[in-house]
Amino acid sequence: MVFIVRYVVRLKPKPVGDFLLCVGTAPGISASPSEENMRYFNVMILGPSQSPYEGGVFKLELFLPEEYPMAAPKVRFLTKIYHPNIDKLGRICLDILKDKWSPALQIRTVLLSIQALLSAPNPDDPLSENVAKHWKTNEAEAVETAKEWTQLYASGT
Amino acid sequence: MGTSSSNRRNQNPSYYQNPHHHQPLPSQQLASYSDPYPAPTPFAYSPHPPPPIYNSYNPGRPNLVPYYGPYHNHGGWAGIRPPPVSVPQPPPLPPPPYVDHQQAKKVRNDVNVHKGTLRLEVDEFNPDHHLVSFVFDAMIDGSFTIFYFAKEESNCRFFPLYPEVCEPFKFPFQKGVGQKFSQPSGTGIDLGFFELDDLSKPSAKEDVFPLVISAETCLPSVPTKGSLDDPSPSSSPHMQITQAVIQKNDQTGFQVKVFKQILWIDGIRYELREIFGIENSAAESFKDDDPGKECVICLTEPKDTAVLPCRHMCICSECAQTLRLQSNKCPICRQPIDEFIEIKINKAD
């Protein structure tokens, strides 16, 4: 089970057998495989400080396709989020999840990139046209909306 | 039920039916893959690999995988010296399906100038003149020759362009590791004679360099079996050539930048290139919890394969074969891959 070895390899203490319940990631990020499907992960990312998403707890799903790590994991926000690079279905516009994928990337690095995307929205490469337009025409107001959405949908309660 | 299974097959048309890590297909099948790259021809594995076909830097000449650490001046040859016999017998491997998966050939280098240590210093008794200094390792006695504006001719011979202005100086050295060479006072050169522009770059064809240091060893101390059969072993000395440019810096005076290093061994010219990541790849000291030594793809096997032309040593040979079918880009830098080179490092060597 190469793909399991791949994501448990850096864990300490060592997992028992092939099974483990939590993937060691990074501050503000956690990922646990689902019990039914070891390729399916429940992910939580904390909104980065000094971003409109600060204080929010964002749920995502991450799926490792059979080709992983030769192909990118499929990641999607489950929590609603107001962000120019994330659409209303939670799909994420991030190059490393598409053409810039490299098999040297791991779950941890992918999730770190997504967390960084929350700190640095890029309205010039939008996935959500309306949000991006809002961001470009009136950034202060768009940031306010993003904060409201964070309160509304990602307050963790 | 029948329809659902055929549906499943159709759902995923964009992916190859991936051979995956455990089930490599026979090479003929691999060759028929709709690979966008030139169709690879299977080749018979031989412990004596064909000369590397990797020539993007220097067409027509074989390149060498250097065995000294890229970042550390002390990395040297000392720890990982290959044996005098140049081609080790690699452990038996399944036949690699691609021509461009090469086994590294090891050659022995008897003298190594640490390229990061090369300096030009003012001759204190003769302030207009500059002297060369550097650190080097030598397994055998030999001599250095310092050239200014030397042109490379065939068979790795160097000739000064302006012999009347600066004739090459020859200095003997003795064997020893980590020695410092300082050119004796009075033998230096007045760099003011040259245009700064000429000093700062090689000639357009890159055959003339402002500073060339040729390190030549005497006859090999241990004659190899091959050399007994060779009618003229001594006619082909072992040399390491360091080609550099000289840049003027307002604060520190003249600075030397090494452009390339060449090995001339048994009539073959090798170009020394650094392999990134080779310094923490030694396979036999591999431990499971030792980060940085494992293949970046499977995170399981020790890395033993470098990617060319970008020279990132980052994967294991098994993942190299999978990678070839999938993306053909270096996992570290995403440059297209021309070739893999498997490098077995043996501390015992």
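The legends below describe close-up views of a predicted model.

**View 1. Helix α4 of chain A and its two faces.**
Helix α4(A) covers residues 139-153, and because each of its 15 residues should add 1.5 Å, a span of 21 Å is expected, which agrees with the 21 Å between its end C-alpha atoms. The buried residues of this helix are Ala142(A), Ala146(A) and Thr150(A). They take up an arc of only 85° around the axis, which means that they sit on the same side of α4(A). Residues three or four places apart point the same way in an α-helix, because there are 3.6 residues a turn. Among the elements that cover the buried residues of α4(A) is α3 (129-137) of chain A, while the face turned away from the buried side carries the exposed residues Ala140(A), Glu141(A), Glu148(A), Gln151(A) and Leu152(A).

**View 2. The surroundings of Cys93(A).**
In an unreviewed entry, UniProt lists Cys93(A) under "active site". Cys93(A) is found in the loop that runs between β5 (74-77) and α2 (107-119) of chain A, and it is partly exposed, because 18 other C-beta atoms lie within 10 Å, whereas a buried residue would need 20 or more. Leaving aside residues up to four places away in sequence, Cys93(A) touches Asn85(A), Asp125(A) and Leu127(A).

**View 3. Ile107(A) in helix α2 of chain A.**
Ile107(A) belongs to helix α2 of chain A, and it counts as buried because it has 23 C-beta neighbours inside 10 Å. Although 43 residues separate Ile107(A) from Leu64(A) in sequence, their C-alpha atoms are 9.0 Å apart in space.

**View 4. A four-stranded sheet in chain B and the helix across it.**
Chain B, which has five helices and 15 strands, includes an open sheet of four strands in the order β1-β15-β13-β14, with mixed pairing. Since β1 (101-103) and β14 (312-315) of chain B each have a single partner strand, they stand at the edges, and one side of each is therefore left without a neighbour in the sheet. Neighbouring strands of this sheet are turned by 35° against each other on average, direction ignored. β1(B) pairs with β15(B), residues 339-342, in the parallel sense over three bridges, and Gln102(B) stands opposite Ile341(B) in β15(B). Helix α5 (residues 317-326) of chain B lies across β1, β13 (305-308), β14 and β15 of that chain, and runs at about 95° to β14(B).

Definitions and conventions:
Residues are numbered from 1 along each chain as its sequence is written. Chains are lettered from A and ligands numbered from 1 in the order in which they are written. This is a predicted model: local features need pLDDT of at least 70, side-chain atom pairs count only at pLDDT 80 or more; totals for chains, interfaces and linings use all residues. The expected span of a helix is 1.5 Å times one less than its number of residues. A residue is buried if 20 or more other C-beta atoms lie within 10 Å of its own, exposed if 12 or fewer, and partly exposed in between; C-beta atoms are placed from the backbone. The arc is that of the directions from the helix axis to the C-beta atoms. Two residues are in contact if their C-beta atoms, placed from the backbone, lie within 7 Å. UniProt positions are given in the numbering used here, feature names are shortened, and annotations may be inferred rather than shown by experiment. Two strands pair if DSSP finds at least two bridges between them. Axes are lines fitted to C-alpha atoms, for helices over the stretch in contact, and angles run from 0 to 180 degrees between N-to-C directions.
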